[in-house]
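Me: I'd love a close look at one part of this protein, with the strands taken one at a time. Could you walk me through it?

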Amino acid sequence: MSLSSFEATKDFAAAMTACDPLAGYRSRFHIPQMPGGKDCVYLCGHSLGLQPKSTRDYVEQELNDWERLGVEGHLHARNPWLPYHELLTEPLARLVGARSSEVVAMNSLTVNLHLMMVSFYRPTRERHKILIEANAFPSDQYALKSQIRHHGYDPATSLVEIAPRSGEASIRTEDIDELIAREGEQIALVMLGGVNYYSGQAFDFPRITQAGHARDCIVAFDLAHAAGNLCLELHDWDVDFAAWCSYKYLNAGPGSIAGCFVHERHAKNVEIPRFEGWWGHDKQTRFRMGPDFHAIPSAEGWQLSNPSILSAAALRASVDIFSEVGMERLRAKSEALAGYLEFLLDRAGSSKFSIITPRDPAQRGAQLSLRVKHNGRAICDALAEQGVICDWREPDMLRVAPVPLYNSFLDVYVFAEKLLSALRV
Ligand SMILES: Cc1ncc(COP(=O)(O)O)c(C=O)c1O
């Protein structure tokens, strides 16, 4: 669908919705309702994805088995809990472009970033720096700075932040290349948000990974805003590790179990130092309860605890839908939705806001970030009162994400109309 074929009318948006091959998936989700019972226009899947209607059944299955079987559920539940997380392996591997030995569902995102850094950030006097994008999500900044301090270094000299050029909103890949070429010998770890939470910029994974590897850096990505949003090929791109949460585009519910990728060449190496826990121990001998740890030779070897089954059940409900649809089809619709939103906003030709997300579809996911000059917070609140849900990030950013699984072209049209009217454009 190209820009030239878009039209700024409700009839066009309705026609696009009617011929959308994925439109049926919307009815598989609970759409928050307005007081009169009409669907909200929910454009906040970059923050918290909506609940699949099937989630309740998946979770109830485990509640029922627990009620019926107690501890016996570990072996005799319909989906025994002991290997329950393995049910997530193939769907997660498909989502991020990994082999099954490279992914595991465990913990939450910041915890997984720390666990990965325990193994893959081993600074030395010569090589102690971490490269991150300026304006990364605060939890990532805290995690990286605390890791640097933990090893006795100073974030003021060991954390390198790459920012957009003055007057620009996106970071140029050539600037990342240039920085890695210049300082690479001191950089232990390159860790970028696959899609930056604030600007919506998607980074060039293979090129950055190649640049980092050329300088012997470990290259990792926080996929909080990329998993379930972009088509990913982590294995082929040779990324060292990645971690993501599952409550945004992956719709597994607030604080749900997260995911982790460790490239095969590391995942199989049981000698890599790590923090150890019984769930990462060789499955054949785990219940002999011996004192010495023997890692599972896969990403599972980084597990510490037995996972929350209720949370894993909620994630299964969602990833089963992803397996059914496939990321390619979702991505094609996502590009069309974001393109339509961009078209409607550009057409208004207003100086009251600007889109800071890259214009190139290859450099963004579902989210567009709009810098609003005045009263942005009040405008976001006013939209919410009319049932249009997006979110606000201080000081001046309205983040909007049409999500291909449950949003429609009509949602995008209604949002643009209401925003432009609130801005009096
Ligand atoms: C990019 C990014 N990193 C880290 C986090 C923190 O996630 P968690 O609370 O699951 O550790 C978030 C949460 O929104 C995020 O967007």
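Which residue in β13 does Trp392 stand opposite?

Reply: Happy to help, with the reminder that this is a predicted model. Trp392 stands opposite Leu398 in β13. The strands in question, β12 and β13 (residues 397-400), are joined by three bridges and pair in the antiparallel sense.

Now for the sheet around them. Four strands form an open sheet in the order β9-β10-β13-β12, and the pairing is antiparallel. At the edges are β9 (353-355) and β12 (391-393), each of which pairs on one side only. On average, neighbouring strands here are turned by 30° against each other, direction ignored. A helix packs on this sheet too: α14 (residues 376-385) touches β10 (368-372), β12 and β13, and its direction makes about 165° with that of β12.

For context, there is also an open sheet of seven strands, ordered β2-β8-β7-β6-β5-β3-β4, with mixed pairing. Its edges are held by β2 (103-105) and β4; each has a single partner strand, so one side of each lacks a neighbour in the sheet. From one strand to the next, the twist averages 15°. Within this sheet, β3 (residues 129-133) and β5 (residues 187-193) run parallel and are joined by three bridges, with Ile130 having Leu189 in β5 as its bridge partner. Helix α8 packs on the sheet as well, touching β3, β4 and β5, and its direction makes about 155° with that of β4.

Definitions and conventions
Residues numbered from 1 in each chain as written. Predicted model: local features only at pLDDT ≥ 70, side-chain atom pairs only at ≥ 80, totals over all residues. Heavy atoms only, no water. Pairing = 2+ DSSP bridges. Helix = DSSP H or I, 4+ residues; strand = E, 2+ residues; numbered from the N terminus. Axes fitted to C-alpha atoms, helices over the stretch in contact; angles between N-to-C directions. Contact = heavy atoms within 4.5 Å.
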